[in-house]
Amino acid sequence: MSASVLSVGRGLTYLIVAGFAWGTAGAAASLVYGVSDLGPLSLSFWRCAGGLLLLLAARGLLRGGSGRERAGARGPRRRRAVRVLSTGIAFTVFQSAYFAAVQDTGLAVATVITLGAGPVFIALGARVLLAERLGVGGILAVAGALGGLGVLTVGGDSGTVRPSGVLLALLSAAAYAVMTLLTRWLGRNGDGADPVVTTAWSLAVGSVCLLPLAVGEGLLPHTAQLGSLVGMLVYIAALPTALAYVLYFAGAAVVRSATVSVIMLLEPVSAAVIAVALLGEHLTAATVLGTLLLLAAVAGLAYGEARAASRVRRAALAV
């Protein structure tokens, strides 16, 4: 799954699947909280550690590694170390600051600020650092996506706005922007690593950073339903973590950063669908309107991204 040979169309598909997979993590986490006393930081640790173990096991089954990985091993070690640490730290701050914001100011407010500020930070960073222009259509799509996010997330939940929680959510959004922009910059300049390796290192850094916090919170859960708990933890580590982040890092290397940030807003859409279909929550007008606005924005940006990539390919063939 080398980013260097990945088409934009396939990258868009990877990101869409990753966005929907991320949305299932919230429902799974609510089930974990329902059957145990595991806290958010401990759950984040087990998510990272479990995802890392699954990726290492998968690579062990597919022994030999890709040519891309071997070529990367010949590169300057210092540059690779900086890349690994930067991505891993951004990943850890993104996850931890978001959970802390949820705890401080509530799920609705933390979600709308983190996921809402993310595309804005990324669009500005991509314009300044990567010279990527959104255009009028892209700006309208981002605006529509943010409007849909606000309606979907806050429509049925007033929440409590606390300044400390807002700052934590903005910190999470900034770290998410750094992670996305760094991945795009490396992929565009031909210096992107194998997405499986990038994900594994990010999860490793996250596990190390989260371990002392998880120990302080309570690393080992108490539960009367150990089988259900283990099953949910394995699911969280596998689908919305190991698989989803591999797809995210692969797609983010070839798709414009602002488009990536809007596509990943499919996470709350997926969570809302699961809440209605599986958890018995009521389908509200806010849920329908927010979902439609987000899907329209994602479809518009994905279509524009695919058309731009097609024009580039035709121009290259003409030369």
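Which residues line the second largest cavity? The tour comes to that cavity after a look at the whole chain and at one helix pair. Bear in mind throughout that the model is predicted.

**Whole chain**

Show the protein chain as a cartoon and colour by secondary structure. The count comes to twelve helices and zero strands. Followed along the sequence, the pattern is α-α-α-α-α-α-α-α-α-α-α-α. Now colour by burial: of the 319 residues in the protein chain, 46% are buried. A contact map is useful at this stop. Among contacts with a separation of 6 or more, 90% are between residues 24 or more positions apart.

**Helices H2 and H8**

Select residues 40-61, which form helix H2, together with residues 195-217, which form helix H8. Their axes come within 7 Å of each other and cross at roughly 145°. The crossing is left-handed. Colour the residues of this contact by class, and they divide into 16 nonpolar, six polar and two charged.

**Thr-241, in helix H9**

Next, select residues 226-252, helix H9, and pick out Thr-241 within that helix. Is Thr-241 buried or exposed? Thr-241 counts as buried because its relative accessibility is 0%, and the cut-off for buried is under 20%. Show the side chains around Thr-241. With neighbours within four places in sequence set aside, Thr-241 is in contact with Arg-47, Gly-51, Leu-203 and Ile-236. Draw a C-alpha to C-alpha distance from Thr-241 to Gly-51: the value is 6.0 Å, for two residues that are 190 apart in sequence.

**Leu-226, also in helix H9**

Stay on helix H9 and move to Leu-226. Leu-226 counts as exposed because its relative accessibility is 55%, and exposed means over 50%. Add Val-35 to the selection. The C-alpha atoms of Leu-226 and Val-35 are 8.5 Å apart, and the residues are 191 apart in sequence.

**Gln-95, in helix H4**

Select residues 77-105 to bring up helix H4, then centre on Gln-95. Gln-95 has a relative accessible area of 10%, so this residue is buried. Which residues is Gln-95 in contact with, leaving aside its neighbours within four places in sequence? Show Arg-47 and Tyr-245, the contacts of Gln-95 on that count. Arg-47 was also on display at an earlier stop, as one of the contacts of Thr-241.

**Helix H12**

Residues 285-318 make up helix H12, and Ala-302 is one of its residues. Ala-302 counts as buried because its relative accessibility is 14%. Add Val-255 and draw the C-alpha to C-alpha distance to Ala-302, which is 9.3 Å across 47 residues of sequence.

Leu-295 also belongs to helix H12. The relative accessible area of Leu-295 is 35%, so Leu-295 is partly exposed. Not counting residues up to four places away in sequence, Leu-295 touches Leu-266 and Val-269. Leu-265 is worth labelling here too: its C-alpha is 9.1 Å from that of Leu-295, with their positions 30 residues apart in sequence. Keep Leu-265 selected for the next stop.

**The second largest cavity**

Rolling a probe the size of a water molecule over the atoms shows where empty space is left. How many cavities of 30 Å³ or more does a search of the whole structure find? The search finds two. Turn to the second largest cavity, which holds about 40 Å³ of space. To answer the opening question, select Trp-22, Leu-115, Pro-119, Tyr-176, Ser-261, Met-264, Leu-265 and Glu-267, the residues that line this cavity. Coloured by class, the lining has six nonpolar, one polar and one charged residues. Leu-265, kept from the previous stop, is part of this lining.

Terms used
Residues numbered from 1 in each chain as written. Predicted model: local features only at pLDDT ≥ 70, side-chain atom pairs only at ≥ 80, totals over all residues. Heavy atoms only, no water. Axes fitted to C-alpha atoms, helices over the stretch in contact; angles between N-to-C directions. Helix = DSSP H or I, 4+ residues; strand = E, 2+ residues; numbered from the N terminus. Left-handed = near helix turned anticlockwise from the far one by under 90°. Nonpolar A, V, L, I, M, F, W, Y, C, P; charged D, E, K, R; others polar. 1 Å grid on protein atoms, 1.4 Å probe; cavity = no way out; pocket = protein on both sides within 12 Å on 5 of 7 lines; lining within 4 Å. Points joined across faces, edges and corners; volume = space filled by probe spheres on them. Buried < 20%, exposed > 50% of the residue type's maximum accessible area, 1.4 Å probe, protein only. Contact = heavy atoms within 4.5 Å.
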